[in-house]
Amino acid sequence: DTEALLRQLGGTTDAPDRNVAQLTQAYQKAIEHLLPLMGAEEVESRYQPQIMLQDMGSNASRPGAEKERQALAKVMLNTLEQATMPDTVRHWFVLQLQRMGQAESVPALAKLLASEDTHLRDFARRALEMNPDPQATAALELALVSAKESTWKIGLISALGTRGSQDSVKKLSPALKD
């Protein structure tokens with residue numbers, strides 16, 4: 001029952017103990033169910049499925065649930081790469097990765113920093129800004145080197161400033177002079 005599975009993964013009902021493979025399968029089934037609902041034409045009808053995904057992310061990110069967090073992040077990252085995903089859903093996925101992503105999400109988010117979709121690009125920048133992995137800093141620094149638009153550079157500099165990496169200071173100097 002998909003509804004029961006969504007309640008379990010969202011943390012509103014007790015869930016059976018699952019290994020990583022079973023968790024991955026459960027998250028995949030839940031996301032496959034939610035995807036078309038999240039991409040609905042009518043904006044109001046997207047809300048509840050979006051909140052269900054958010055609840056899954058919150059539950060998977062709770063203390064002591066690292067295998068759940070990793071399994072959900074893996075499924076979300078694989079789904080994010082689908083070319084057929086509507087932009088609104090793709091944005092929502094990146095927003096959830098901002099809340100729960102760690103090292104596993106850095107490569108995918110780094111790719112999104114070069115997106116033509118300025119909203120998606122900025123969602124990825126904010127997700128990397130909040131990501132605890134040191135490679136997120138490197139991804140932001142690399143994007144800054146190739147940035148052309150002044151507003152994009154400002155956003156990247158701001159993200160690096162929020163991260164507070166002393167090593168980034170030397171790399172920021174050239175960007176401040178142009």
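Select Ala-73 to begin: Ala-73 sits in helix H4, which spans residues 66–80. Helices here are DSSP runs of H or I with at least four residues, strands are runs of E with at least two, and both are numbered from the N terminus. This is a predicted model, in which local features need pLDDT of at least 70 and side-chain atom pairs count only at pLDDT 80 or more, while totals for chains, interfaces and linings use all residues. Residues are numbered from 1 along each chain as its sequence is written, and side-chain values use heavy atoms, with hydrogens and water left out.

**Ala-73 and its surroundings**

Is Ala-73 buried or exposed? Its relative accessible area is 0%, so Ala-73 is buried. Buried means under 20% relative accessible area, exposed means over 50%, and partly exposed lies in between, with a 1.4 Å probe and protein chains only. Now show the contacts of Ala-73, where contact means heavy atoms within 4.5 Å. Leaving out residues up to four places away in sequence, Ala-73 touches Met-100 and Glu-104. For a sense of distance, select Lys-148 as well: Ala-73 and Lys-148 are 75 residues apart along the chain, and their C-alpha atoms are separated by 31 Å.

**Helix H2: Thr-24 and Lys-29**

Go next to Thr-24, which is in helix H2. Thr-24 has a relative accessible area of 18% and is therefore buried. Beyond residues up to four places away in sequence, Thr-24 touches Ala-71 and Val-75.

Stay in helix H2 and select Lys-29. Lys-29 counts as partly exposed because its relative accessibility is 42%. Its contacts, not counting residues up to four places away in sequence, are with Thr-2 and Leu-5. Val-75 can be used again here: the C-alpha atoms of Lys-29 and Val-75 are separated by 9.8 Å, with their positions 46 residues apart along the chain.

**Helix H1**

Thr-2 and Leu-5 lead to helix H1, residues 2–10, where the buried residues are Thr-2, Leu-5, Leu-6, Gln-8, Leu-9 and Gly-10. What covers them includes helix H2 (20–38) and helix H3 (43–60). Zoom in on the start of H1, where a side-chain oxygen of Asp-1 reaches to within 3.4 Å of the backbone nitrogen of Glu-3. At the other end, select Gly-11, which follows H1 and has a positive phi, near 85°.

**Helix H6: Val-106 and Leu-112**

Move to helix H6 and select Val-106. Val-106 has 6% relative accessibility, so this residue counts as buried. Which residues does Val-106 touch, not counting residues up to four places away in sequence? They are Leu-128, Asn-131, Asp-133, Gln-135, Ala-136 and Ala-139. Add Ser-45 to the selection to see a separation of 31 Å, C-alpha to C-alpha, from Val-106, with the two residues 61 apart in sequence.

Then pick Leu-112, also listed in helix H6 (residues 106–112). Leu-112 counts as buried because its relative accessibility is 15%. Apart from neighbours within four places in sequence, Leu-112 is in contact with Leu-80, Val-94, Leu-120, Arg-121 and Ala-124. Leu-112 and Met-76 are 36 residues apart along the chain, and 14 Å separates their C-alpha atoms.

**Helix H7: Arg-121**

From Leu-112, step to its contact Arg-121. Arg-121 is in helix H7, residues 118–130. With a relative accessibility of 11%, Arg-121 counts as buried, because that value falls under 20%. Outside the residues up to four places away in sequence, Arg-121 touches Leu-112, Leu-113, Ser-115, Glu-149 and Trp-152.

**The whole chain**

Finally, clear the selection and view everything. How many helices and strands does the protein chain have? There are 10 helices and zero strands. The C-alpha atoms fill a box of roughly 60 × 35 × 20 Å along the principal axes. Of the 178 residues, 46% count as buried. Among contacts with a separation of 6 or more, 60% are between residues 24 or more positions apart.

Colour by charge to see 20 positive and 23 negative side chains, with the centres of the two sets 6 Å apart. Lys and Arg count as positive and Asp and Glu as negative, while His and the chain ends are not counted. Each charge is placed at NZ of Lys, CZ of Arg, CG of Asp or CD of Glu.

How values were computed:
Polar contact = N/O pair within 3.5 Å; in protein donor to acceptor, adjacent residues only side chain to side chain.
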